[in-house]
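Got the viewer open? Here is a walk through the model, stop by stop, with what to select at each one.

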Amino acid sequence: MNLRIRLRPTRALQYLLMLGLLALNVLPLAWIAITSLKTDVEIVQYPPTILPAHVTLANFVELFTATLYGRYMLNSAFVATISTIVVVGLGMFAAYAFARFRFRLINVLGELSLFAYMVPSILLLVPLLRIMFVLQLDNNSWGLILIYSTLLLPFALWTLRSYFQGVAVELEEAAMVDGCTRFGAFLRVVVPQAVPGLIATAIFTFNASWSEFLFASTLLTSPDRLTISPGLLLLLPATGLIRWGLIMAAAIAMILPLLVLFIVGQRQLVETWGEGAVKG
Amino acid sequence: MSSLLGRAAPQRLRRKGISDRQLALLLVAPAGLLLMAFEFYPFFVAGYDSLFVTDQITNARTWAGLDNFRAILTSPETHDAFGRSLIFVIGCLLIQAPLGLITAMALNVGLRGQTLARGLSLLPYMVPAIVTALSFRFSLNGLYGVVDYLLVSLRIVHNPIFFLDDTHIALYSVIAISSWRHAPFFTIVLLARLQTLPRDQLEAARIDGATPLRAFRHITLPWLMPVLLVAMLLRTIWCGVEFDTPYLTTYGGPLNSTTVVPLAIYNLYADQHEFGQASALALCVGALLLVGSILYLRSYRRTEASETGF
């Protein structure tokens with residue numbers, strides 16, 4: 001009894017701390033959603049209203065009828081889907097080799113891919129754009145897909161590698177005794193065990209290519225090929241009043257698919273990121 | 001740990017198909033080729049480009065030797081950009097690491113709704129850079145932004161602060177925005193580590209009458225330390241080369257006050273069309289990163305070694 005009374009204030013403080021931290025994380029997002037439902041007049045009025053006085057979907061209607069935003073979203077969906085398939089597919093095979101085989105060449109490649117994990121986009125910007133120009137893949141979705149597949153591959157390699165290392169080798173051996181080839185054992189026994197890691201990698205890759213800005217804004221030039229990030233920036237007028245309602249509606253439209261993926265894969269993401277991010 | 005199936009796999013297990021070595025090479029080849037072509041080869045392109053000056057009108061290239069490097073390393077713009085990047089990196093780490101640590105601790109004490117709270121606390125990490133940047137540009141606006149409204153009406157400040165338009169403040173605002181986005185990285189990593197904290201030690205400390213603070217200092221913190229250090233090193237590197245948040249919130253302005261090194265590279269390329277100088281600066285940053293990566297690799301090997309008992 002005594003113990004309980006003594007613990008209570010601490011608990012209350014802990015709840016308060018948790019709520020404060022959550023507010024810090026969630027309120028900026030809630031503010032986007034609230035603003036997207038307000039009229040232009042209400043948005044710039046001072047003092048600002050906290051909840052919309054008149055809830056309106058006009059911003060969303062305008063977004064998908066009067067701008068090319070729907071097109072940008074389709075373009076991003078295409079680029080992100082193909083990049084995800086390439087990264088998870090190629091990453092899965094290579095990561096298995098890195099996890100199981102100990103040949104010199106494989107080891108060297110494994111180390112190199114760790115370095116690749118640290119290489120930031122901005123350092124590759126100028127040379128990669130030059131290469132894409134030479135290959136005539138500028139202003140082309142496939143150029144962007146090549147870039148994303150490469151840049152996101154190292155993360156997949158390291159996450160999946162540590163996942164495969166956690167799968168018991170005995171299972172593979174049993175399958176091979178039963179007549180599988182090594183590759184067959186990999187597909188039938190190891191891959192199913194690594195599904196959570198594959199899901200997390202896929203979500204991470206999709207998210208990153210859906211949201212990427214730097215290469216999308218420099219490689220693509222014609223408006224009908226733009227992906228979301230540079231497209232969203234185009235909604236800002238060069239001069240004059242910024243239509244915040246329209247922009248916040250666009251932001252919500254951009255986040256929603258990611259939010260769905262995040263909710264679906266939350267457990268796998270937390271486990272895999274937590275384990276994988278700092279130690280391979 | 002090294003398995004039966006490694007180099008020493010018994011011959012009879014490989015009844016059909018190709019050898020392990022061939023299989024390994026086949027599995028790695030596509031990914032390896034992609035990385036070679038678009039991740040490593042570009043550094044050679046950059047190295048080559050950095051030795052030439054490209055004429056802005058004719059696009060003709062002339063040999064420049066190390067002139068680009070000399071121009072970059074002696075220009076006051078570069079020095080200023082490195083100074084800002086230093087502030088940016090230190091600021092980001094000073095906010096993100098403690099914030100992530102506090103969040104991870106708060107989400108690990110078994111409160112009600114903890115699972116939901118864990119999910120929500122990771123949300124910012126998922127939000128695209130452009131959305132983060134634009135939404136903060138809106139709410140930090142000095143004219144009708146909600147943050148200034150709250151600060152003024154709660155009488156914390158007298159006059160609205162122009163967070164992103166004041167040259168003395170903009171860099172710190174960008175640091176705060178970037179930290180909002182990236183603190184969850186520490187939360188995720190530290191939460192995972194906390195799951196494996198040896199409970200019996202904490203229990204023993206409690207029975208011995210240690211205060212929670214002492215238990216934290218002598219048991220929890222040392223347990224988190226190796227992971228925390230690696231995470232800090234990674235974030236040091238990533239903050240040092242972060243382009244999206246500073247560019248999308250302020251475009252490097254006002255008056256270049258938020259032009260950190262990655263933006264300086266971008267400006268040399270996109271605004272001044274100095275491909276050679278942009279490549280030279282990128283290579284200099286790359287060299288700095290290489291040192292950081294080697295440190296990371298070492299600590300990585302140490303963690304891996306201690307985990308697997310090699």
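One cut-off before we start: a residue is called buried when its relative accessible area is under 20%, exposed when that figure is over 50%, and partly exposed in between. Also keep in mind that this is a predicted model.

**Stop 1: a buried arginine**

Select Arg100(A). With a relative accessibility of 7%, Arg100(A) falls under the 20% cut-off and so counts as buried. Now add Glu172(A), its salt-bridge partner: the closest N and O atoms of the two are 2.7 Å apart. The pair links distant parts of the chain, 72 residues apart, with Arg100(A) in helix α4 (residues 69-100) of chain A and Glu172(A) in helix α8 (residues 169-177) of chain A. Glu172(A) is buried too, at a relative accessible area of 0%.

**Stop 2: across to chain B**

Next, select Asp20(B) and Arg182(A). Their side chains form a salt bridge, N to O, at 3.4 Å. How many salt bridges does the rule find across the interface of chain B and chain A? It finds 2.

While you are here, colour helix α1 (residues 20-49) of chain B: this helix gives the most to the side of chain B that touches chain A, with 22 residues. Sorted by class, that side of chain B has 75 nonpolar, 12 polar and 14 charged residues.

Now show everything in contact between the two chains. You should get 101 residues from chain B and 103 residues from chain A. The size of an interface is often given as the accessible area lost when the parts come together. For chain B and chain A, the buried area is about 9500 Å², and carbon and sulfur atoms give 78% of it. As for polar contacts across the interface, the rule finds 7 residue pairs, both residues being at pLDDT 80 or more.

**Stop 3: more salt bridges**

Over all chains, the structure holds 9 salt bridges. For another one, pick Arg243(A) and Glu62(A), whose side chains meet at 2.8 Å, N to O. Arg243(A) sits in the loop between α12 (228-234) and α13 (244-276) of chain A, while Glu62(A) is in helix α3 (residues 58-66) of chain A, so this pair ties together parts that are 181 residues apart in sequence. Both ends are partly exposed: Arg243(A) has 28% relative accessibility, and Glu62(A) has a relative accessible area of 25%.

Then try a local one on chain B. Arg70(B) and Asp67(B) make a salt bridge with the closest N and O atoms 3.0 Å apart. Both lie in helix α2 (residues 67-74) of chain B, 3 residues apart, or about one turn of the helix. Is Arg70(B) buried or exposed? Arg70(B) is exposed, with a relative accessible area of 53%, and Asp67(B) is partly exposed at 43%.

Before moving on, select Arg100(A), Glu172(A), Arg182(A) and Asp20(B) together: salt bridges that share partners join these residues into one network.

**Stop 4: cysteines**

Hunting for disulfides? A search of the whole structure finds 0 over all chains. Zoom in on Cys92(B), which is in no disulfide; the nearest cysteine sulfur is that of Cys239(B), 4.0 Å away. Cys92(B) is buried, at 0% relative accessibility. Cys284(B) also counts as buried, with 18% relative accessibility.

**Stop 5: Thr201(A) and its neighbours**

Back on chain A, find Thr201(A) in helix α10 (residues 195-211). Thr201(A) counts as buried, at 0% relative accessibility. Leaving aside neighbours within four places in sequence, which residues does Thr201(A) contact? Show Val88(A), Ala156(A), Thr159(A) and Leu160(A).

**Stop 6: a strand and a helix in chain B**

Select Phe52(B), placed in strand β1 (residues 52-54) of chain B. Phe52(B) counts as buried, with 13% relative accessibility. Beyond its neighbours within four places in sequence, Phe52(B) is in contact with Arg61(B), Thr62(B), Trp63(B), Ala64(B), Asn68(B) and Gly276(B). If you like a distance check, draw one to Thr250(B): it should read 31 Å, C-alpha to C-alpha, for two residues that are 198 residues apart in sequence.

Finish at helix α7 (residues 146-153) of chain B, where Val146(B), Asp148(B) and Leu151(B) are buried. After α7(B) comes Arg155(B), whose phi is positive, near 60°.

How values were computed:
Residues numbered from 1 in each chain as written. Chains lettered and ligands numbered in written order. Predicted model: local features only at pLDDT ≥ 70, side-chain atom pairs only at ≥ 80, totals over all residues. Heavy atoms only, no water. Contact = heavy atoms within 4.5 Å. Buried area = accessible area lost by both parts, 1.4 Å probe. Salt bridge = Lys/Arg side-chain N within 4 Å of Asp/Glu carboxyl O. Polar contact = N/O pair within 3.5 Å; in protein donor to acceptor, adjacent residues only side chain to side chain. Helix = DSSP H or I, 4+ residues; strand = E, 2+ residues; numbered from the N terminus. Nonpolar A, V, L, I, M, F, W, Y, C, P; charged D, E, K, R; others polar. Disulfide = S-S within 2.5 Å. Buried < 20%, exposed > 50% of the residue type's maximum accessible area, 1.4 Å probe, protein only.
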